[in-house]
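Work through these short exercises with the structure open beside you. Try each task before you read its solution.

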Amino acid sequence: MEYLRKFKFIKDNRSRRRYAAMVNYIDDSIGMLVDQFNQSGLWENTLMLVMSDNGGPVYKFGGANNYPLKGGKRSNFQGGIRVNAFLSGGYLPEELRGMKKEGLIAECDWYTTFASIANVSAHDETSALIGLPPVDGLDMTKYLFDPSPDAKSPRQRVYLGQFYKNGENRPYGGGIGSGIILNKWKLLKNSVLYPFWTGPQYPNASGFPAHIPALDCGKVGCLYNLEEDPYEYHDLASDPGHKAVLRMMQMEWNAMMRSYYDNDVGEPDPVACTVANSLYEDFWVHSDAILLLTKKATDLVMASIIRRCGRATTCDPNCHSATRHFCLCSCLSRSLLLTFQDFISVVCLFLHLLVAVR
């Protein structure tokens, strides 16, 4: 609770206070890592990347703010996809420190770039053997290490996926391509969440905005000029003067969809949310709560197994051959059928407990 107390001066919104505490905690943690690298004599040969995976959550209880950008986490407006990132470390040449780069870089580019710096191949042989598409990352090494202010990023396009599939309210379940950025132009299609802008201080005592429906960009799409309109105030799709640009972006989107790979990650596991909400008040775990955590964990695990699998009176000798299932057999002539998803939930839960104990 130490970090929450540091931000007790934020009295108008508990979510914003918690978010500020989390960011401060991350900042201190990175600082400790840097100190360890320095003490070990490794910092001068280290290149460190710090970046966000998406914009801050602006929905209820999210606590973040992407002002002046539009939207936030789970949205393909700029507030959801344009994020902060910086490089540091002794490996970074002096002339590059403090320099700002404006070119496009996608998250997948960092894998390819770090592979290049380490002089290893970014090609994934195992994935290729089973028919998965190659990695999408581009090598940004030359661009990042070029001190010229005129250096150009090799990335011209950023492909935008989406959380929701066929209008269903099911985040994380795959989806269809939601948009594309080509240099300064951006085309969004289908439904786009959180079509609003926050103020400089958000959330505040006014709370969160009332329910705002997703913006339906439909099959035609919403068109934005990010160079002239970085905050996405003006949809140019219906402007006759941008008819040719709209057509070009629609063709780019169609080309993207011909090679679009939709990874079906399955359905959300309710056990994960139950564990997270039941075991942790915020993101801290205190040593004096370990016994309580262990009891809660045991109760949750057993309740989940019994609810999903029930009990049997004998052990099935063929249970280990059942697809995607594990069979737990006891000497008390009971067996519990544990799904793979439950098994992973149990493993993750006890890993959390081990970390907490340490």
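**Exercise 1.** Where is the place of Asn183? Then classify its exposure and describe its phi.

*Solution.* The model is a predicted one.
- Step 1: Find Asn183 in the loop between β4 (179-182) and β5.
- Step 2: Its relative accessible area is 43%. Buried means under 20% and exposed means over 50%, so Asn183 is partly exposed.
- Step 3: Asn183 is not a glycine, but its phi is positive, about 55°. Most residues other than glycine have a negative phi.

**Exercise 2.** Is Asn190 buried or exposed? Locate this residue and give its phi too.

*Solution.*
- Step 1: Asn190 sits in the loop between β5 and β6.
- Step 2: Its relative accessibility is 19%. The cut-off for buried is under 20%, so Asn190 counts as buried.
- Step 3: Asn190 is no glycine either, and its phi is positive at about 65°.

**Exercise 3.** Which side chain does the side chain of Lys186 join in a polar contact?

*Solution.*
- Step 1: Go to strand β5, residues 185-188, which holds Lys186.
- Step 2: Lys186 has 0% relative accessibility, so it is buried.
- Step 3: Its side chain makes a polar contact of 2.8 Å with the side chain of Glu232.
- Step 4: A polar atom of the Lys186 side chain also lies 2.6 Å from the backbone oxygen of Asn76.

**Exercise 4.** What kind of peptide bond joins Tyr67 and Pro68? Do the same for Tyr202 and Pro203.

*Solution.*
- Step 1: Tyr67 and Pro68 are joined by a cis bond, with omega about 0°. Pro68 is in the loop between β1 (48-51) and α3 (78-81).
- Step 2: Tyr202 and Pro203 are joined by a cis bond, with omega about -10°. Pro203 is in the loop between β6 (191-192) and β7 (215-216).
- Step 3: Most peptide bonds are trans.

Methods
Residues numbered from 1 in each chain as written. Predicted model: local features only at pLDDT ≥ 70, side-chain atom pairs only at ≥ 80, totals over all residues. Heavy atoms only, no water. Helix = DSSP H or I, 4+ residues; strand = E, 2+ residues; numbered from the N terminus. Buried < 20%, exposed > 50% of the residue type's maximum accessible area, 1.4 Å probe, protein only. Polar contact = N/O pair within 3.5 Å; in protein donor to acceptor, adjacent residues only side chain to side chain.
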